[in-house]
Amino acid sequence: RSTAQQQAYAAYAAQAAAAAAAAQSQQAQQAPAVVQPREDVVGSVAHISVTGCTHSTVGGIVRGNFTANGQNHGRPTYKKDTQVNGLDVQLYFWDDRDGASFCGWWFGPKVGGDQVWAYHPSNTATTPPKTGWKVPYDGPVDNSFLISASAAPAAVPALPAPAASEQYGSYQYSQYSQEQSIKQKQQEIMAQQMIAQQQKAVALGEMKRKQEEQRRQQEENRLRQQEEMKRRAAEQRQKMEEQTRKNMEEQKRLAEERKRQFEEQKAAMTLRHFLAQKIRVAKEESELQVAQQELAELMQQELPKCGTSAEKVQTECAQAVEITLKRIETVKEQKRKEEERKEELAKKNREAQEKAAELLKEMSEKVIRAEELLEQLSASTEQLNPEKEMKLEIVTKAANSMGGKADEASEALKLCQDFMREHASNMRAGAVKPPGATEDDKPTLHQLIQRMSEVQKKKDTLIRDGSTNKEKLLKKAEAKKKMDVQLQKFKRYDADKDEMLNKKEIGQFAKKEYSITLTDQQLTRILKGFDTGVKKADFHRLIVQIGIAREMQKDAARKKKREAHEKEIEALKEELLEKVKEADGKYLVVEEKVKALEDDAKPLLNSKSLTSTEMQPLLEKLEEQATTLKEEISSFKSEIAEMKEGVDSEVAPWFTQQCRPTDGKTLMLDPRLTRVTAQVTRSKGELKLKISMELQSLEKQMLAMLRYHQKAKELSAEDLYSAVAGKKDVVEKKAFLNFFKKCEKEKKEDEEVKAPSAEDLTRLFEHLQCSSAGISKERMMGLIRVFKKVIKETILTEEKGIKSTTKRRLEVAEIIEVLSQESQDEEVDVMRVQCRAIKDDAEGWATVSGDGGSKFLVDYAGVYKVVKETIMTETFEIDSAEAKEAAKQLKDREPRKLRVGELVDVWVWPKKESSGLVRLKCKSRLDGQIGWVTQIGNAGTVFLEVV
């Protein structure tokens, strides 16, 4: 054992013994105190071991060996021998300076940090408790979690902690064996621990003295409080007795007051009841006077008992009497007015009766006049007797006379109706006959109305019957007149005056009167219906037979005409059928072309098997064929429509029926053509997608070849660009094709990986080129440079080694540029890469993947999403002269706006311009437009974020 260590142990033992003696002396002078249970702690040891812990995450962090690593808040701290995920694991104590809930023992990556894994709430344990730990810090106690002392090579034995009374005893110096192999650093640590424990022992004694002083003061305060409480209780009791006495006196006074109020209310209610029962119901003055006398007597008895309400009750009695008196007077006045009203009403009724009688008399005279005219109309109607034989002139004269009488009767009836409408309300007073009147004195309004109604009915009946008889007589007279005319004809054509028409006379009659020449055969047939000739009585039958013969001649002429027309129709049908056959031939030609187009389009149904170079010419050919065929179909349909125009209306339905098959087939041509054109349209959309996917695939192949060549030749990005473009600022097509023809090729299973064809490389070059000169350097460098995205937080270090100096943390979603090939860290099994952060150009080394296979960085294709609307410009600098010139060229055109949610592909990666804006060049996936866009504003506003 070294001299310094021996001196430290001796000094510690002496101070510990003195502290123990002082504690024992103080305990002897004080009353026995409650002994607190002793906590199970690991003690003052340099090495501890953590085992158990069922938590899946925390268990892997805290399990292991720990070594003493200084102190915090007067108690030892421990540090795990190995890091976990690049983080230290510390065990430390934190006092109650931040509150009681933060006081206790903690596991965390650093002392006093915000991140913790386990917690023990003990504030008395001077070294870490063995059990009772909460995992996680706010979870339940994990009974499997155990901390124990562990032996380390050449470790110094631990001293017992001076926490209880036995800790203040003397330590036996002989317990520590000499060990020559203890290192100087461990000796210094143990010396510091012993000095710290000595200071704790002295502080503990002082703390106990203060606690006892505090307990004594608390006891004195308690006794004082008890005396004060007794004094206050006596005062309170005296106050309660005084309050009880006062309450009883108050209750007695209130009872007497309630009794007095009850007597007053009873007397007042007696008087009010009398007012309601006697005074207010009085109807005559005499009745009211009697009630007033009774009220006066009752008031002498009850009013003195009303007390304070006597004056109010007396006023109510006076008011009741006064109101009742006014009511009686009002009733008397109302009766008087009612009598006057009845007298006035009787007078008006008498006047109305007199006026009604006059009006009824006048009305009766008008009705009598109407009845007289009705009799005259009846006499006129009787003259038109349909049973009589009357000449036309006499019938007309009688009808005119009847019409005149009918008009006079209608006019008289109208006067009656108008008079009744005008005076009906006044005449209704005469509907009620006065007492003593008989039924025959005067006609009533009801009787007059009935008589008017009878006149109206009879008039209508007479006019209707007269009109009917008139029509019959007129028809009869007209028929007789016609018959007379026919008989005159009979006499005129009866040449032999034998009162009979023979064959010759019949022929002359038919020719002159009906313009028809009858053949002898027809005349013979007509005469068969008569005996020897046509007599005067049968003359009308002859006229009918002649009419029949005339119609038969007309029928024959119509039949001949119809037969000729039918021959014309048949010829027209034959001509139209030829046109239909010709149209069918033209349809077959068009249909063959449609079928050929459908056959040519069949490969599009399996477009996945076609390349874009095969699809594009096929689609162009089909589009041209479809356009031509559409015109032919339209022309054919026009010919069909023209063929139907001007067709005779008689054959139009037949011709429509003949054309129906051709029309039906023609109607199917357009849908068939539409299906093909729709397929072509869909395939054009697929072609765009296929071209895009093929170009993306070619771009991946190209980038893989560039990466392999760069790796094989160990080239930087600039060197690789020079290998492709030479010394020019633009990659020309020839140089582009030559590079991929001569570059290093990757081999798999001793066979060279197949490179894109010259045709495919040409397509890719045309896709990537920014101008006719070729691919710009900035675009090519954007393809050559390799970028990765941070998917799990990690650190950026200065050197390749993971334990080298940390420069800063790389946050999730941050973009970095790869500056070297990935390589393995020599100390730990992780993949590292040299990189530069796009955010601030910080350069260093970062972990690509951990030893457990967890990924920190992944390849990034350069896709950004618009989160705030912005515009796309043609130049990098917004305020430059070049930008202003570009704005002038736009003139009235609005700049391209990028909408929220739109995706863009990076062409030139973000960089700062002079105004502080972070801008990038990109291509919109929506319309393929290319330009410069602000990613982050100079005030920190984010417009585009990483996808």
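## The five-stranded sheet

In this predicted model, five strands form an open sheet in the order 27-26-25-22-28, and their pairing is antiparallel. Strand 27 (930-936) and strand 28 (944-946) are the edge strands, each of which pairs on one side only. On average, neighbouring strands of the sheet are turned by 45 degrees against each other, direction ignored. In general, the strands of a sheet pair through backbone hydrogen bonds, in either a parallel or an antiparallel sense.

Six bridges join strand 26 (residues 918-924) to strand 27 in the antiparallel sense. The bridge partner of K921 is W932, a residue of strand 27. Helix 17 packs on the sheet and touches strand 25 (903-912), strand 26 and strand 27. The direction of helix 17 makes about 105 degrees with that of strand 25.

## The two sides of helix 15

Helix 15 (residues 733-742) has F736, F739 and F740 as buried residues. These residues lie on the same side of helix 15 because they cover an arc of only 90 degrees around the axis. On the other side of helix 15, K734, K741 and K742 are exposed.

The cover over the buried residues of helix 15 includes helix 13 (669-713), helix 14 (717-725) and helix 16 (758-768). Helix 17 (777-784) is also included in this cover, as are strand 10 (730-731) and strand 13 (775-776). Helix 17 therefore appears in two settings, since it contributes to the cover of helix 15 and also packs on the five-stranded sheet, where contact means heavy atoms within 4.5 Å.

## Aromatic pairs

The model contains 15 aromatic pairs. In one of them, the rings of F736 and F740 have their centres 5.0 Å apart and their planes at 65 degrees, so this pair is edge-to-face; the cut-off for that class is over 60 degrees. Both F736 and F740 belong to helix 15, where they are four residues apart, about one turn of the helix. An α-helix has 3.6 residues a turn, so residues three or four places apart point the same way.

Both rings of the pair belong to buried residues. F736 has a relative accessible area of 0% and is therefore buried. F740 counts as buried because its relative accessibility is 3%, and the limit for this class is under 20%. Elsewhere, F66, F107, W133 and F145 are linked into a cluster by ring pairs.

## Charged residues over rings

Two arrangements place a charged residue over an aromatic face. R97 lies over the face of W94, 6.0 Å from the ring centre. K911 lies over the face of F876, at 5.0 Å from the ring centre.

## Backbone features in loops

The peptide bond from V135 to P136 is cis, with omega near -10 degrees. P136 is located in the loop between strand 6 (118-120) and strand 7 (146-149).

E714 is not a glycine, yet it has a positive phi of about 55 degrees. The loop between helix 13 and helix 14 contains E714, and this residue counts as exposed because its relative accessibility is 73%. A813, likewise not a glycine, has a positive phi of about 80 degrees. A813 lies in the loop between strand 16 (806-810) and strand 17 (815-818). With a relative accessible area of 37%, A813 is partly exposed.

How values were computed: Residues are numbered from 1 along each chain as its sequence is written. This is a predicted model: local features need pLDDT of at least 70, side-chain atom pairs count only at pLDDT 80 or more; totals for chains, interfaces and linings use all residues. Side-chain values use heavy atoms; hydrogens and water are left out. Buried means under 20% relative accessible area, exposed over 50%, partly exposed in between (1.4 Å probe, protein chains only). The arc is that of the directions from the helix axis to the C-beta atoms. Rings of Phe, Tyr and Trp (its six-membered ring) pair if their centres lie within 6.5 Å; planes under 30 degrees apart count as stacked, over 60 as edge-to-face and the rest as tilted. A charge sits over a ring if NZ of Lys or CZ of Arg is within 6 Å of the ring centre and within 35 degrees of the ring normal. Two strands pair if DSSP finds at least two bridges between them. Axes are lines fitted to C-alpha atoms, for helices over the stretch in contact, and angles run from 0 to 180 degrees between N-to-C directions.
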